Amino acid sequence: MELLSLFITSVMPVIKVLLVLAIGLFLATESVDLLGPNARHHLNNLVFYVFLPALIGCSIAKTSTVKTLETLWFMPVNIFISCIIGSVLGCILVKITKTPPCLKGLVIACSSAANLGNMLNIILPALCEETNSPFGDSSTCSTYGESYASLSLAMQAIYVWSILYSIMRMSANSIVKENAEILSETLAEPLLVSHGISEDNIYHVDLPDEGNQRMSTFGKMKQCFMTTIRSKSLKMIFAPSTIAAIVGVIVGIVSPFRKALVVDSAPSHVIYSSIEFIG
């Protein structure tokens, strides 16, 4: 009976989430068309730039202290281990199923990412409201559960746009390189025949004078730094959810900020409550 009760408790939150998704799917169908393309686009932007950062920042600020941060070392380690295991399983899956080259990087990245994402923030509120929940009373479960899920979501952005994005980029670059080699070989053969160019000279390129192209060590470091700063992957690592997590940790562990915002009797608690309500 205990196993059956635990099974029902774990199934009910999933059913609630599926029902909410079914309503959204119905509203997005062409027959109803309550959410057109523009509405979905703006709604996604609101969630990404406003609602989710507000939820993450407030959830982490409420539970973050120096002591709790010391006990959270396992989260980045666990996520990193899950990414490594997922990548290995993705490579095995690619070998077994003989995935087309253009999809190999995508399959490995998806296997590595697994369930990292927003699902924990969606399922936890429903799970904590269950009477037979194994995670304690609903208020404690919601407070700490949302904090862990929010921190996991912020770490997920770092892993996705550092490790997984690199996997997909390397796969895409190898495909582009192979296609370029095939194209160059195809074009080189008729050129050799028609113009009498020898193979020794086909790749001969006049290089500019090295003396004019030399760059100082500081210049190279500056160029590398600016390229890294402007890279898309670095910008996505510092997504609004990641910035909100950093701000939440700072507010939580710095005592003056915590006493001014988070504590119920704080003078500026209304600001924190408003942001929490938005989240």
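Two helices count as oblique to each other when the angle between them is neither under 35 degrees, nor over 145, nor in the range from 65 to 115. This rule helps with the first pair of helices described here, in what is a predicted model. The axes of helix 4 and helix 5 cross at roughly 140 degrees and come within 7 Å. Helix 4 and helix 5 are therefore oblique to each other, and their crossing is right-handed. On the side of helix 4, the contact is made by S82, C83, G86, S87, G90, C91, L93 and V94, which meet K104, V107, I108, S111 and S112 of helix 5. Sorted by character, the residues of this contact comprise 6 nonpolar, 6 polar and 1 charged.

The loop between helix 4 (74–97) and helix 5 (101–113) is the place of K98. Although K98 is not a glycine, its phi is positive, at about 55 degrees. K98 has a relative accessible area of 70% and is therefore exposed.

It is useful to step back to the protein as a whole. Its secondary structure comes to 13 helices and 0 strands, so a reader following the chain from the N terminus meets α elements from start to end. The protein has 279 residues, of which 26% count as buried. Among contacts between residues at least 6 apart in sequence, 71% join residues that are at least 24 apart.

A second helix pair illustrates how parts far along the chain can meet. Two packed helices are described by the angle between their axes and the distance between the axes. For helix 2 (residues 37–63) and helix 11 (residues 240–253), the axes cross at roughly 25 degrees and come within 8 Å. That angle makes helix 2 roughly parallel to helix 11, and helix 2 passes helix 11 in a right-handed crossing. From helix 2, the residues F48, Y49, P53, I56, G57, I60 and A61 take part; from helix 11, they are met by P240, S241, A244, A245, G248, V249, V251 and G252. The residues of this contact divide into 11 nonpolar and 4 polar, with no charged ones.

Y49, placed in helix 2, deserves a closer look. With a relative accessible area of 53%, Y49 is exposed. Y49 and A244 are 195 residues apart in sequence, while their C-alpha atoms are 10.0 Å apart in space.

Helix 2 also takes part in a charged pairing. Side chains of opposite charge can pair when their charged atoms come close. The structure holds 1 salt bridge, in which the side chains of E276 and K62 meet at 2.7 Å, N to O. Because E276 lies in helix 13 (residues 269–278) and K62 in helix 2, the pair ties together parts that are 214 residues apart in sequence. How buried or exposed are the two partners? E276 counts as partly exposed, at 32% relative accessibility. K62 likewise counts as partly exposed, at 31% relative accessibility.

Taken together, helix 2 meets helix 11 through the residues listed above, and its residue K62 pairs with E276 of helix 13.

Technical notes:
Residues are numbered from 1 along each chain as its sequence is written. This is a predicted model: local features need pLDDT of at least 70, side-chain atom pairs count only at pLDDT 80 or more; totals for chains, interfaces and linings use all residues. Side-chain values use heavy atoms; hydrogens and water are left out. Axes are lines fitted to C-alpha atoms, for helices over the stretch in contact, and angles run from 0 to 180 degrees between N-to-C directions. Helices (H or I, at least four residues) and strands (E, at least two) are DSSP runs, numbered from the N terminus. A crossing is left-handed if the near helix is turned anticlockwise from the far one by less than a right angle, and right-handed if clockwise. Contact means heavy atoms within 4.5 Å. Ala, Val, Leu, Ile, Met, Phe, Trp, Tyr, Cys and Pro count as nonpolar, Asp, Glu, Lys and Arg as charged, and the others, Gly among them, as polar. A salt bridge is a side-chain nitrogen of Lys or Arg within 4 Å of a carboxyl oxygen of Asp or Glu. Buried means under 20% relative accessible area, exposed over 50%, partly exposed in between (1.4 Å probe, protein chains only).
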